[in-house]
Amino acid sequence: MNALAPQESSTPAFALPSAEELDRALRDASPAEIIAVALRTIGRDSLALVSSFGTESATLLKVAADVDPAIPVIFLDTGWLFEETLAYRDTLIATLGLTDVRSIKPAEETLSRDDPDRDLWFSDPDACCRSRKVEPLARALKPFSAWINGRKRFQGNARADIPVVESDGVRLKFNPLANVSREELEAIFVRAKLPRHPLAESGFLSVGCMPCTSRTAEGEDARAGRWRGRAKTECGIHTMKIS
């Protein structure tokens, strides 16, 4: 960790290390160490954590809250979320003492233009995700130099080889749980006695928007219920350039 000296300023007035440099320094670090270094390096005013408040989100939020509960958290309220997810967001905010959770909604003019009948999810799910997630996140991230997310390599597909730190083309992007196994994630969850997402017991192992989320059968990958029957596996916030 010595290569990355702590900074006292809340907003860095210096050139940030490259994603490659940070990844080399942090590739074997714990999730808490990665978040702590991100906070020291970037500064709280320039660092955001993006969370879906889904079935696995509590672990990352718990680790981040233990480092600093005032780290800004961005939550994308797409207009298609389960009521249980919105309730879970509020539960975790109270349980973990998060002090700066920002619920971001799609622009009304965008929805009126692109999805007036609320059926874009069916005809063009990529366009629906772009209007309801990618564009709102780009707007929400404008004040920040870096962001933290909860992707893990064990989730497979495009996530199988993610580094601990990368660039999204504009900002540094920290993946503190990249190296964490499913068993380690569960151990953190149990040890901290974190509340479960209300839909987890009903077979929803990965929860996104209502129209594009289904239950997962025994033996299926945890994300098999997302966009079932389509080639789509990602909403786009991790595959499109966030400008």
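**Close-up views of a predicted model**

**View 1. The loop that holds F53.** F53 sits in the loop that links β1 (47–50) to α3 (57–67). This is a predicted model, and in it F53 has a positive phi of about 50 degrees, even though F53 is not a glycine. Why look twice at that angle? Because most residues other than glycine have a negative phi. Is F53 buried or exposed? With a relative accessibility of 0%, F53 counts as buried. Two other views come back to F53: L61 is in contact with F53, and R89 touches F53 too.

**View 2. R118, another residue with a positive phi.** Here the phi is about 55 degrees, and again R118 is not a glycine. Look for R118 in the loop between α5 (108–114) and α6 (120–123). R118 has a relative accessible area of 39%, so it is classed as partly exposed.

**View 3. R89 on helix α4.** R89 belongs to helix α4, which covers residues 83–96. Since its relative accessibility is 13%, R89 counts as buried; the cut-off for that is under 20%. Which residues does R89 touch, once neighbours within four places in sequence are set aside? They are F53, F75 and S103. S52 makes a good landmark here: R89 and S52 are 37 residues apart in sequence, yet 8.5 Å apart in space when taken C-alpha to C-alpha.

**View 4. The largest nonpolar core, with L61 picked out.** This core has 43 residues. Those that touch the most other members are L26, L49, L61, V165, L172 and F174. Zoom in on L61 and, leaving out neighbours within four places in sequence, you find contacts with L49, S51, F53, V73, L92, L96 and L98. There is also a second, separate core of 16 residues, with I74, I104, F144 and W147 among them. As general background, nonpolar side chains tend to be buried together in soluble globular proteins.

**View 5. The largest cavity.** How big is it? The volume of the largest cavity comes to about 760 Å³. Its lining takes in 47 residues, and those nearest the centre are S52, K133, V207, R223 and R226. Which element gives the most to this lining? That is α7, with five residues. β1, α3, β2 (73–76) and α7 (125–141) each supply at least two lining residues. Sorted by class, the lining of the largest cavity has 23 nonpolar, 13 polar and eleven charged residues.

**View 6. The second largest cavity.** The structure holds two cavities of 30 Å³ or more, and the second largest has a volume of about 30 Å³. Around it you will find L49, A64, A65, D68, P69, I71, V73 and L98. That lining splits into seven nonpolar residues, no polar ones and one charged. A few names here may ring a bell: L49, V73 and L98 are among the contacts of L61.

**View 7. The largest pocket.** The volume of the largest pocket is about 290 Å³. It is lined by 13 residues, and T55, E56, E186, R196 and L205 lie nearest its centre. Where does the largest share of the lining come from? Helix α8 (residues 182–191) provides it, with four residues. The lining of the largest pocket is made up of six nonpolar, three polar and four charged residues.

**View 8. The N-terminal stretch, to be read with care.** Over residues 1–11, pLDDT stays under 50. The model has 25 contacts beyond four places in sequence for this stretch. Where pLDDT is low, though, the predicted coordinates should not be read in detail. For the protein chain, the mean pLDDT is 88, and 88% of residues reach 70 or more.

**View 9. Stepping back to the chain.** The close-ups fit into a protein chain with eight helices and six strands. Going from the N terminus, the elements run α-α-β-α-β-α-β-α-α-α-β-β-β-α. The chain has 243 residues, and 52% of them count as buried. Among contacts between residues at least 6 apart in sequence, 72% join residues at least 24 apart.

How values were computed: Residues are numbered from 1 along each chain as its sequence is written. This is a predicted model: local features need pLDDT of at least 70, side-chain atom pairs count only at pLDDT 80 or more; totals for chains, interfaces and linings use all residues. Side-chain values use heavy atoms; hydrogens and water are left out. On a 1 Å grid over the protein atoms alone, a cavity is a set of points where a 1.4 Å probe fits but cannot get out, and a pocket is an open set with protein on both sides within 12 Å along at least five of seven lines; lining residues have an atom within 4 Å of a point. Grid points are joined across faces, edges and corners, and a volume is the space filled by probe spheres set on the points. Ala, Val, Leu, Ile, Met, Phe, Trp, Tyr, Cys and Pro count as nonpolar, Asp, Glu, Lys and Arg as charged, and the others, Gly among them, as polar. pLDDT is the predictor's confidence in each residue, from 0 to 100. Contact means heavy atoms within 4.5 Å. Buried means under 20% relative accessible area, exposed over 50%, partly exposed in between (1.4 Å probe, protein chains only). A nonpolar core is a set of buried Ala, Val, Leu, Ile, Met, Phe, Trp, Tyr and Cys residues joined through side-chain atoms within 4.5 Å.
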